[in-house]
Amino acid sequence: MIDILLSLCIPVWSLGEGAPEESEKRDDAQRSTLFVEKPQSGTVSVGGNITFIAKVEAKDLLRKPNVKWFKGKWMDLASKAGKHLQLKESFERHTKIHTFEMQIIKAKENYAGNYRCEVSYKDKFDSCSFDLEVTGKVPFVSSSCIKQRFDLFFVNNSGEGQEDAGELDFSASLTLPPQFYFANVREVKQQEEEPEVDVWDLLKNANPSEYEKIAFQYGITDLRGMLKRLKRMRREVKKSAAFAKGLDPAYQVDKGGKVRFMVELADPTVELKWYKNGQEIRPSAKYIFEHKGNQRILFINNCTMTDDARYYVTAGDEKCSTELFVRDPPILVTKGLEDTSSYVGERVELSCEVSEDDANVKWFRNGVELSNDPKSRYRIKVEGKKHTLIIEEAAKNDTATYSVMTTGGQSEAKLSVDCEPLKISLALEDQTVRLGQEIHLKCEISENVEGKWYKNGQLIEASDRVKLYHKGRIHRFVIPVSAVDDEGEYMFVPDAYNINIPCKVHIVDPPKLHLDGLGENNTVTVVAGNKLRLEIPITGEPPPKVFWSRGDKVHCHCRCFFSLTRSLFLQKITFNSGRIRAESYPDSSCLVIDAAERDDSGAFRITLKNEAGEDTALINIKVVDVPDPPQAPNVTEVGEDWCIMTWEPPANDGGSPILGYFIERKKKQSSRWMRLNFELCKETTFEPKKMIEGVAYEVRVFAVNAIGMSKPSMPSKSFVPLAVTSPPTLLAVDSVTDTSVTMKWRPPDQIGAAGLDGYVVEYCFEGTDEWIVANPELTDKTKFTINGLPTGSKILVRVKAVNAAGESEPKYHPQPILVKEVIEPPKIRLPRHLKQTYTRRVGETVNLVIPFQGKPRAKVSWQKNGSPIDKNDINIRNTENDTIIFIRKAERGHSGEYDMKVEVENLVDKATIDIQIVDRPGPPEVVTIEDVWGENVNLSWKPPKDDGNAAITGYTIQKADKKSMEWFTVIEHYHRTSATINELVIGNEYYFRVFAENMCGLSEDATMTKESALIAKDGKVYKYPVYDDFDFSERPLFTQPLVNTFAVAGYNATLNCSVRGNPKPKITWMKNKVLIMNDPRYRMFSNQGVCTLEIRKPSPYDGGTYTCRAVNELGEAEVDCKLEVRGKGF
């Protein structure tokens, strides 16, 4: 199959058109460059393989670019991949280069030609053309053979007329490679133009009446096209501001072929419309529109003779036109004419056969063309491929040479006719004929000869009104509808005989209305607002009076008459000057209605009267109009991006049946309506689609009849397309009792714009199909208890999510659930922070929640220090799943060990909680001045008696000058019970005091020294001891290692560790021993020795071994862990 497709897409152009490479080079100047390596032209031998490579750099691209391969101008090769064609693509992460390959396997000769590779990304575009040459043996074909094929397939030289026209595609009859066709295009075209120049010279010098004869003689089926081309040779092309390149003057295509019209716009934003014979062309399977840059292209598929017409295209106020000619293939004469002899009056038949059914064949007598008109004595009969010329009654002058000619051949034969003696077998008879009836004169003679008819001595020729018949020996004269002027003396004279046969015809004429032109039931239809002028032909002798009436109202009456010379006395008389009036003429009467209204519909009566009688008729006037608009449509059902709307037909169809409806929609906040159907909707229901979920819309309807389209209906009530949610997830059993089952689940994964109103829980007993709703009202919780179930039964449970769009698909529990309570041993789930001493300050609230397990009916009891708890002082509240101990305002007396016990039948579980209520400590005991020397004072004290029920964390020492007694803090957070106060002012006298400190803060009071310390001016100088500086240097050491971690795909993950060292170590992170640098997916933090690596939205690709390395000048240390990234379902 690919062999045929590749051979059909050989790029071919006419002599007047530039090569495709030239146009593509012009386009390349406007494209951005995406290729870093373009495919190059190549050569391959028949049966060999070849690969074309294109490379695109992805450095600035966020996603993969779109690449397409073409053969010729239009054949997309993506859908043709298979045995002989393969398309591949790859991506190199290090170089960030996309590589695209097209491989042709076992090449054939018809694969040769021009190829194109296109790459696009958002608003960027690049294209590259290249050639493939397939080398192999080229068979020899004579130029005469090529000319013959050229005549069959070459259509015109415009290059733009049609996609197939002008292409040298001999694949249907010649097995030549594409190179042969390209090499011989200009030679074949030159050979074909020589006879065309001669024909054009004949047409230029010939009389216009001979054009058709010349065209048929030289096999020209597109005579109009030849004349158009002849005219185009002398025509100057006017430059257009709207069209950079217009249509050619004419195009030609074979019947069943495909034609292509192309114009190029100067401004691509101008609106363009195509027309055929003045009618706008709409897109369909036959008419295909294509936009390509500034080019606008129209394709017409499967051309027929009805497509032979005038086409034009408008751009703004400018118009460009052309002619399309559709031609049939040449017709050949397969069986010629034969010479024939006959006698006068006998029937003669000359027959031939041609190559096609119902073909166009011309007959000639002595070189003069014979017509097939009814008045002609020659009758042409066509039966498929057989064509017969019939002479019913041959005459002597029929002796001649008869020939037949087709577009592809001719044949001729001789006919000989002899005469016999003449006798009158039936003479003409005198007749009296009523006006309007048939005049039928008939005579019979002994010989089958032609003759002539005379009236009052004047020769009568056959016409549309007068019929002359000759069949064998019988001659007939017929006037189907007689007139007053037909009265007179008639005579028949046979040819070649000196005799005549006379008779007289007398005409009488009662009044008569001629209503043949009216419709069924004499109905006349007029569009409302238009003017009706209804002219009724009348006859009668003497001229009749005319009366028009509607109901009882007579609009006019008149008398029409003829002069004595029987010429029409033509004078218009108006009898009613209103909007509805009648006008009368000698041979007709006219009813006129100006600006017809719907109320003008009804029956109008016309009556004719004269002495010979009267005639009357009812004429129904029907005024039609566009229909009334339908009522506002109703939206009955709404989906995710669709709805179903219905409406009622309009109350008044305007007098013409409703043909269908057009539907429009718009967003509620917008004023722009959009047409939803381009073909009439025959029903009163419609389903709009492709709407945006969650956006309010309105719809309206137009009714259409044969007159036109109604005004729009009122808009429907606004509606919002909504979709049901996805089913709930993770449906599981939470608990089971003897009469109830508690279910729990997770919300749906997809909720949508309609939100979530709640859930419906349904169940059915095992073995039945009846589902019972457990909650009549929606529940917004993800947990629900089904009560009132019989013990020992098994039920199936399902849950549905509900929103404004309806119920979702149900989520089923996979297994039946047994309604029977299961004993669960008691188990206290003591929180981690309660496993150590629980500390609170005096006055704070104590609120502890301790969960536990145990079914059924677990019993919980508390004790403090082995004694029951005073419930007036400490509040205890128990539930099925936890117990709460609550102290509104803690005091130190609440400290102690609290014992909790959970009992289920004979099973027990216990836990102990140590609660410590702390307060600020008391002041230290006696503060003593132990020694005073120089500027120093040595103090000592004893710890406080009351430590506030918490360990003493330190002391604060203050000093005060005896003169001012202003206190200043000297030492804070001091842990020992003795201290030396330095740098005191010599000559001053000081008092000292000490505060105790625990976790609650400093004691409220301080203990002050009883004596003061005087710093004497003279004294021994204290010599400070010398101490060596402490060396804080340390190599890196991880105090908290990394821990193996599991992460969920799409959620950020962190890895933490802590390190110490002096100098401060430098921290680096590695993944699989590869250093992580400048990667936006990773963020690194280091604060107070805590190192953190954050991985943003990891994927399974991010899993691996991560290492943290700390380095300073004293050494280095490493710690690693494994990270596993799992999907969202885990």
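Visitor: In the largest nonpolar core, which residues touch the most other members?

Guide: Keep in mind that this is a predicted model. The core in question has 42 residues. The ones touching the most other members are W363, Y402 and L441.

Visitor: Let's stay with W363. Which residues does W363 touch, leaving out those up to four places away in sequence?

Guide: A contact here takes heavy atoms within 4.5 Å. On that basis W363 reaches C352, E369, H387, T388 and S403, among others. Its list also includes L337, L350, V368, L370, I380, L389 and V404.

Visitor: There's a second, separate core too, so to speak; how many residues does that second core have?

Guide: Nonpolar side chains tend to be buried together in soluble globular proteins. Here, I50, M75, L77 and C128 are included in the second, separate core. That core's residue count is 27.

Visitor: On to the open sheet of three strands with the order 47-48-51: which are the edge strands?

Guide: The pairing in this sheet is antiparallel. An edge strand pairs on one side only, and that holds for 634–638 and for 685–686. Those are strand 47 and strand 51.

Visitor: Which residue in strand 48 does E637 stand opposite?

Guide: Strand 48 covers residues 643–646, and its antiparallel pairing with strand 47 runs over four bridges. Opposite E637 in strand 48 stands I644.

Visitor: Zooming out, what percentage of the protein's residues is buried?

Guide: Buried means under 20% relative accessible area. The protein has 1130 residues, and its secondary structure comes to six helices and 88 strands. The buried share of the residues is 40%.

Note on methods
Residues are numbered from 1 along each chain as its sequence is written. This is a predicted model: local features need pLDDT of at least 70, side-chain atom pairs count only at pLDDT 80 or more; totals for chains, interfaces and linings use all residues. Side-chain values use heavy atoms; hydrogens and water are left out. A nonpolar core is a set of buried Ala, Val, Leu, Ile, Met, Phe, Trp, Tyr and Cys residues joined through side-chain atoms within 4.5 Å. Buried means under 20% relative accessible area, exposed over 50%, partly exposed in between (1.4 Å probe, protein chains only). Two strands pair if DSSP finds at least two bridges between them. Helices (H or I, at least four residues) and strands (E, at least two) are DSSP runs, numbered from the N terminus.
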